[in-house]
Every structure is written in C-alpha cells, then in structure tokens.
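Reader: I should be grateful for a close account of one part of this model. Please give the criteria behind each term as it arises.

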Amino acid sequence: MAERKPAIKYTSKQFTTIKHDLINYAKRYYPNEFRDFSANSFGSLMLDSVAYVGDILSFYLDYQVNESFLSTAIEYDNVIKLAKQLGYDAALSPASYGILTFFVLIPASNGAPDYNYAPVLKRGSKFSSTTGKIFTLLEDVVFGNIEKNQITVGNVDSETGTPVNYAIRVRGQAISGELAIQEEVITGYEKFRKVNVLGDNITEIVSVTDSEGNPYYEVDYLTQNTIYVPLINRNEDKNTVPNILKPIAVSRRFTVTKEREKIILQFGFGSNENEEEVLDPGNVLLNQHGKKYITDDSFDPAALIKTDKLGISPSDTVLTIIYRINSSDDTNAAANTITQVVENDMDFGNSQTLSQASIATTRDSLEVVNEDPFVGDIPFPSSDEIKLRAFGAYAMQNRIVTKEDFIAATYGMPSNFGAIKKVNVAQDSDTFKQRNINMYVLSADANDKLATASITIKNNLKTWISRYRMINDTIDILDGRIINLGIVFKFAAFSNVDKYTALEIAKNDLQDFFVNRRGYDIGEPFSITDIFAVLKNSSAVLDVIDVSVSVKTGGLYSTTNFNVGENTSSDNRKIFIPTDSCFEIKYPDSDILGEVV
C-alpha cells in the first residue's frame, strides 16, 4: 500500500490560516474520529492552541530571518553587529576635541621674566566645564618657550612701577573624558578569551598590559599582526616632523567590539609557550614539502608573523586596562565654559634650587579657558544612518576612488578621533589644481547644532583618510559654511478647529519634520515642497496659502551671506546651495512662524 502523503500548506503562517488548514486536515483524514467543530468544543480548543503556537513560531522565524540581514534588521544592536561585518564601526561614544588656553604668572627678576619658574604642564592634567564635564590635556604644555608663547606684564609695584610678575599665555590640545583603570585577573588558558571593560561612555582603550609588563596592542582584526608606532624624530627636520612611524610585528594583540552597553576585548588563541616567529620578507623560500621549485606568492605588509595562532591569549596573569571614559553622554562644550582646574600636574625642572613659595604661587595662578567650542560628539546614529554608512563602507573596500568612498571613509573614522556630522566632496574648480579634491566638513556643538570642526578633528581626519586615498590625490579639508533659514507660512484652518490650536498643531508638525526627520547634507538643496507636504498632511490645515523662506544671520546665527531669491528654482520648488554650504533651521521654535488667515 502506498504511503499516504498529507496535504500540508507550508505557506500558512497566521493564526486564521493555520486553523483553517487544521480543520480541513481533520475533516479529510479523520472524518469519523473528529466531528465536533463548534466554537465551544474541546476539539476547537485544541485547534486554537495548535494554531496559536504555529502563529508564534512563524512570527519568530520571520523575525529571526529579517534580523539576519542588514537591510531588514530592526533591532539596534543587530544593526550595529551586521554593520561591523561590512566593515563599518559605528561611533557610539565619540569624544570631543579642542584647544585649551592656559595662563600662569611667573615672578619677575630685575624687571624681566624669570623663566626658571616657567613650568611644563604635563599631559593628563584635568579640567572641568561649568556643567561638570571632564577634559584631559593630550600634550605637554611648555610655558618656557619664548619664541611661541605670548607674555605680558601681570602686576606692577604700585610705588616703583616695576613689574612684579608676568603672565604667559599658552595653548594645548585636550580631549573630553578622563582615564580609568581596570585590573582583570586572568586564570588558566582560554582560546579567544573575551574581557568585558566596565563603565559607560567609553571612548577608547588606551593601553592593555599584563603583570609581566608585556603590552597588548589593539588591531582591527586578529589576522592583522602589524601596527605602526610613533618614534621620536632626532633628525634635522625634527621641528617640522616630530615623530617617525615605524611598523612593528605584535604577537600580543586584541580587537575591540563596541556595543551600546559594554566594550569587549577579544584575544587570539596562541600561548606564551609558542612565541610567534617574525617573518622575513627577504626570504622568498616557501615551506612547500615535496617541491623543488619556488612559486610566486603575494606578501601582505599587515601580516609579518609566520603563524596562524591569531595572537597570544593572556593566561595566569593580571591585565591592567587603561581606558578613557566620559562622565556625560554629551561631551561637547560651548566656548568659554571650560574654566575650572581639576588636577594640576606641573613640572618646574630643578625645583630644588627655586623658591617653594614662588613655585606655589605660580602653580595656584593657573587659569584655563576654551576660546573655541569643543566639538566632535554627535548623538547616536539612527538605524537607517548606520545601514547607509555600512553599505558605503562595504562598497569602499578600504580604498578611496569615488566621491562616495570619501564620504564613507569620513563617517567611518573611529569615534575617539572625533566625529564629523556633515561632509561633502567636490573637485577643485581651480585650473591649476585639476586633481585636487576639496572636502567640506561640519561637526556639532554642545546643543547638537552645526558647528565648525576643530583643527584637531580635521588633522585626525587627514591622517585617517590618508590610509585609503590614492597616492596621486591631493585633498584639502575645508570648513563647510552654515546657512541658517527661517520659515514663515500662511494657511487656512478647518472651521471646527480653534485658530490658536490649529497654528500650534501646524507649527509642531513642521518642527518635528525638520528636527527629527529631515536634516540637510552639505550641498543639498532645500525643498520648499517639503513644507507644503507637511502642512497639507497636518490635521488642522485646510489649505496652504503661502510659504516664504529667508536667511537668518547675526547674533547666534551664522554670518554666511546668501541670497534666497537668486538661488531659487524657476518653479519655486527648490533653493539651490553651493557645494561647500549646508542649510540648517537652528532654532525651530523661533525660526518657524505661522499665520492663520
């Protein structure tokens, strides 16, 4: 007798369709055993239960499949992980960079500054903003550099008029956050060991060292065993080139996985007993047993260690992890807000021969201020932003050829170097620079408004993209211009809606659109039709009568001059903009005004 094959519809996934198929199945194969299909019967309860379970299983099956692909994923953490697979590392905790200005008073000797009391403010000194955000000095600040520093008379003797002390003004680079230390006890040997770094808002891992003093180095992938370290340049050009980059092979290395809630360090599966052998590129002989000839083979400059252990995993030791952490989600700071000294680490050279009272006076006289805003931190990118940037990073393939490659590389810069909010790339129009590329960038200030990127961020970006650009490309990184717009609209409201209520609803809809849903890129034209579309979809608007757009300048707005009328299209639908400028509605509450007629 042939085997009976039940008629099963595998396309039924919902509760109603599954139950319908089950009823038909029971009627077809069990006509005598199962006859009661009424809604209150026990058999109906069983059918409902099976259909319920089938509906749940179908939902989670579809959900898991969708979460396996970047284009359909919804969960934020899954989007981050899938983007990482495509080569894009989302900037979840960016740091802000800027320049701090320092002032100290040094005593006078015979009417002239006594530079013996000019200190060196050591890197690692901490400062605070008026809102309590911590910032750390990234470099030693030398007050005794006579050629570079500004010096002026501080105080004079009221009787003789001779200077009592002098004020020295120096500038130094600083970064948001402070250093934290975690000691992780490692017992035994474990392949591909993972270590969780404790804390929130971690921007970077500064160093990892075991109890034997062996350093571990961060790499992009465990297969990469070569890093570049800066060495002090002692040649004649040391004033213009302070450091020399030297490639070194590292057997102790780790990768960093960033998630919203934690940072994970992962090591390889090598052990201390099988110390890795450095490959000699000059030796072309290959270990090919049974062959008496040499075949051609490519040489990877990122893999200089002859092993497949993917790095040494720490065992039976204590790892000291030093990392930078921020005390606040928002690390930006407005100008003239970083004014407090938290930790003052000064070096006076041969302090034993100097007056301790004068040293204490100089140390206590230190003042700090940020004359320019600290920028670089941007809010968490949305899932859609991460998806688009990940696709761009995957298409870039670690090289820059097209305009989209430049933009993807810029957005892919590690967060500890600062973050770029907007970027655009254009060919230089100068006939003498036909191969030159102009890159226009903007960052964000403490209020998430567009701001000029700091010099430090632009220098970091220059170093970052130099890894991928073509050797004959020349790039100028320039500040983008900000054009602040104001909107005035007139509309007719429904007769059953109060005019003040209608105006409030229409204004809120426009504010929500331009704040939460619509942001313009550098060089992107402003669409006036967007305003009409939002107002016509507003629940209180019967008809849109007029819309006008103007430029806001002066005061808290940008000083960029821009003529709206000359740059509006003939059909009054778009306002065009130069490739180096970006539209922004800075203060939606006051920049969007309406009138009910």
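How many bridges join β9 to strand β17, and in which sense do the two run?

Author: Some remarks on conventions come first. The model is predicted, so that local features need pLDDT of at least 70 and side-chain atom pairs count only at pLDDT 80 or more, whereas totals for chains, interfaces and linings use all residues. Residues are numbered from 1 along each chain as its sequence is written, and side-chain values use heavy atoms, with hydrogens and water left out.

Nine bridges join β9 to strand β17 (residues 317–325), and the two run antiparallel. Strands are DSSP runs of E with at least two residues, helices are runs of H or I with at least four residues, and both are numbered from the N terminus. Two strands are said to pair if DSSP finds at least two bridges between them. Within this pairing, isoleucine 181 stands opposite isoleucine 322 in β17.

The pair belongs to an open sheet of seven strands with mixed pairing, in the order β9-β17-β11-β12-β15-β16-β10. The edges are held by β9 (178–186) and β10 (194–197); each has a single partner strand, so one side of each is left without a neighbour in the sheet. On average, neighbouring strands of this sheet are turned by 30° against each other, direction ignored; for such angles, axes are lines fitted to C-alpha atoms, for helices over the stretch in contact, and the general range is from 0 to 180 degrees between N-to-C directions. Strands of a sheet pair through backbone hydrogen bonds, either parallel or antiparallel.

Strand β17 also pairs with strand β11 (residues 202–209): six bridges join them, and the two run antiparallel. Here threonine 209 stands opposite threonine 320 in β17. Further along the strand order, strand β15 (residues 253–258) and strand β16 (residues 263–266) pair in the antiparallel sense over four bridges. Valine 256 stands opposite leucine 265 in β16.

Side-chain contacts add to the picture of these strands. A salt bridge is a side-chain nitrogen of Lys or Arg within 4 Å of a carboxyl oxygen of Asp or Glu, and by this rule the count comes to 13 salt bridges. One of them joins glutamate 204 and arginine 324, the closest N and O atoms being 2.8 Å apart. Glutamate 204 lies in strand β11 and arginine 324 in strand β17, so this salt bridge ties together parts that are 120 residues apart in sequence. Both glutamate 204 and arginine 324 are buried; buried means under 20% relative accessible area, exposed over 50%, and partly exposed in between (1.4 Å probe, protein chains only).

At the edge strand β9, glutamate 178 forms a salt bridge with lysine 126, with 3.0 Å between the closest N and O atoms. Because glutamate 178 lies in strand β9 and lysine 126 in strand β4 (residues 126–129), the pair ties together parts that are 52 residues apart in sequence. Glutamate 178 counts as partly exposed, at 24% relative accessibility, whereas lysine 126 is buried, with a relative accessible area of 14%. A network of salt bridges links Lys126, Glu178 and Glu343.

Other strands of the model may be set beside this sheet. Strand β7 (residues 150–156) and strand β8 (residues 163–176) run antiparallel and are joined by six bridges, with threonine 152 opposite alanine 167 in β8. These two strands form a hairpin with six residues between them, and glycine 161 in the turn has a positive phi of about 80°.

A further open sheet has three strands in the order β6-β3-β19, with antiparallel pairing. Its edge strands are β6 (141–142) and β19 (346–347), each of which pairs on one side only. Strand β3 (residues 120–121) and β19 pair in the antiparallel sense over two bridges, and leucine 121 stands opposite methionine 346 in β19.

In summary, β9 is an edge strand of the seven-strand sheet, joined to β17 by nine bridges in the antiparallel sense, and β17 is in turn joined to β11 by six bridges.
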